[in-house]
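Student: Hi! Could you walk me through this one? I'd like to start with what counts as touching.
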Amino acid sequence: MTSSALITTPFTASSTTDEVLRGVDLTGVRAVVTGASSGLGIETTRALTAAGAEVFMAVRNTAAGGAVASDIASSTGRPAPQVRPLNLADRASVARFVAAWEHPLHLLINNAGVVTGGLERTTEGWELQFTTNHLGHFALAEGLHSALRDGAAERSGARIVVVSSTAHMRSGVDFDDLHFLRRAYDPQIAYAQSKTANSLFAVEATRLWAPDGIVANSVNPGGVATGLQRSFTPEQKASLDAAEAAGVFAYKTIEQGAASTLVAAVRPEFAHTGGHYLDDGQEAYTVPNDTSLGDHPHGVKEWALDLALAEQLWAVSTELVHS
């Protein structure tokens, strides 16, 4: 898991996906990218495809996904990524995706995410951000575990990359009220909880699945203007603008934002080690839970890497997705 000697790479906040993949041949690598029809997902899919990977785009809107796949084939000169339907907020959709999967899998990139401006619930009554950003990805990874195990046997390891966020620093996971049944709803806190859950998933997935050759790491893409912000309320937009003005983050291009995902996905430094949180292409340093985001915007809070919390979240998630 984490250690006192942080893992470093040659990359920085300004590095791009093409720089990370320069000289890398991914022929024979099979990858699934969720949320691949917009924002960071498009760039991640494009970069992997350009490097020779066989990419499966897991998307809600297959028509949009098909258009993106055609564009990627044209721009890269590679075979078009395959498009498959997946709605992470719908357990039946996740189950159908898993049931239809027939191949060893080498790389699972849990990239999709939602932000809501107010309280939205699934048919089960679950809070939508936690369900989509964490529980749906949890069920997907669990369902594809055997495929990842087979992929690891083929290529001496398989990897899971989970897109988290610096927002995790706003909140840990509230195990007493995961779905805001009692506490007042704050969409920013709900999003933060889901992003902490993303990191904790990587910690426990690595502990459980490393013997199968599977490791998982989470990444902070940094500030990137994507469709994720389309549902922001005026309050959320004001909070983001204030954070930018205070120097908490500076906007990156899409190519720079997806670079840390590719570092975790292909770099040898992370081939056989997991449970790490990456920021600007490096393993982030850990900060106490009472640290302010403004003071350490490139850190990772203890509650996002805590072994006991990761184990607890895994147990709760298992119970929920199989209920």
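Tutor: Happy to. Contact here means heavy atoms within 4.5 Å. Keep in mind that this is a predicted model.

Student: Okay, so what is Phe201 in contact with, leaving aside its neighbours within four places in sequence?
Tutor: Beyond those neighbours, Phe201 is in contact with Asn110, His134, Phe138, Ala141, Ile160, Val162 and Trp314.

Student: And how many residues are in the largest nonpolar core?
Tutor: That core has 47 residues, and Phe201 is one of those with the most contacts inside it, along with others including Val32, Trp101 and Ile160. H7 gives the largest share of this core, seven residues.

Student: Is there another core apart from it? Which residues are in it?
Tutor: There is: a separate core of 32 residues, among them Leu48, Val219, Val263 and Leu278.

Student: Switching to H6, which of its residues are buried?
Tutor: In helix H6 (residues 145-155), His145, Ala147, Leu148, Gly151 and Ala152 are buried. They lie on the same side of H6 because they cover an arc of only 155° around the axis.

Student: What do they pack against?
Tutor: The buried residues of H6 pack against strands E4, E5 and E6 and helices H5 and H7.

Student: And which exposed residues does the face turned away carry?
Tutor: Ala153 and Glu154 are the exposed residues there.

Student: New topic: what lines the second largest pocket?
Tutor: Its lining has 14 residues, with Val29, Arg155, Gly157, Arg159 and Ala265 nearest the centre. By class, seven are nonpolar, four polar and three charged. The space in this pocket is about 250 Å³.

Terms used
Residues numbered from 1 in each chain as written. Predicted model: local features only at pLDDT ≥ 70, side-chain atom pairs only at ≥ 80, totals over all residues. Heavy atoms only, no water. 1 Å grid on protein atoms, 1.4 Å probe; cavity = no way out; pocket = protein on both sides within 12 Å on 5 of 7 lines; lining within 4 Å. Points joined across faces, edges and corners; volume = space filled by probe spheres on them. Nonpolar A, V, L, I, M, F, W, Y, C, P; charged D, E, K, R; others polar. Buried < 20%, exposed > 50% of the residue type's maximum accessible area, 1.4 Å probe, protein only. Helix = DSSP H or I, 4+ residues; strand = E, 2+ residues; numbered from the N terminus. Arc of directions from axis to C-beta. Core = buried A, V, L, I, M, F, W, Y, C linked by side-chain atoms within 4.5 Å.
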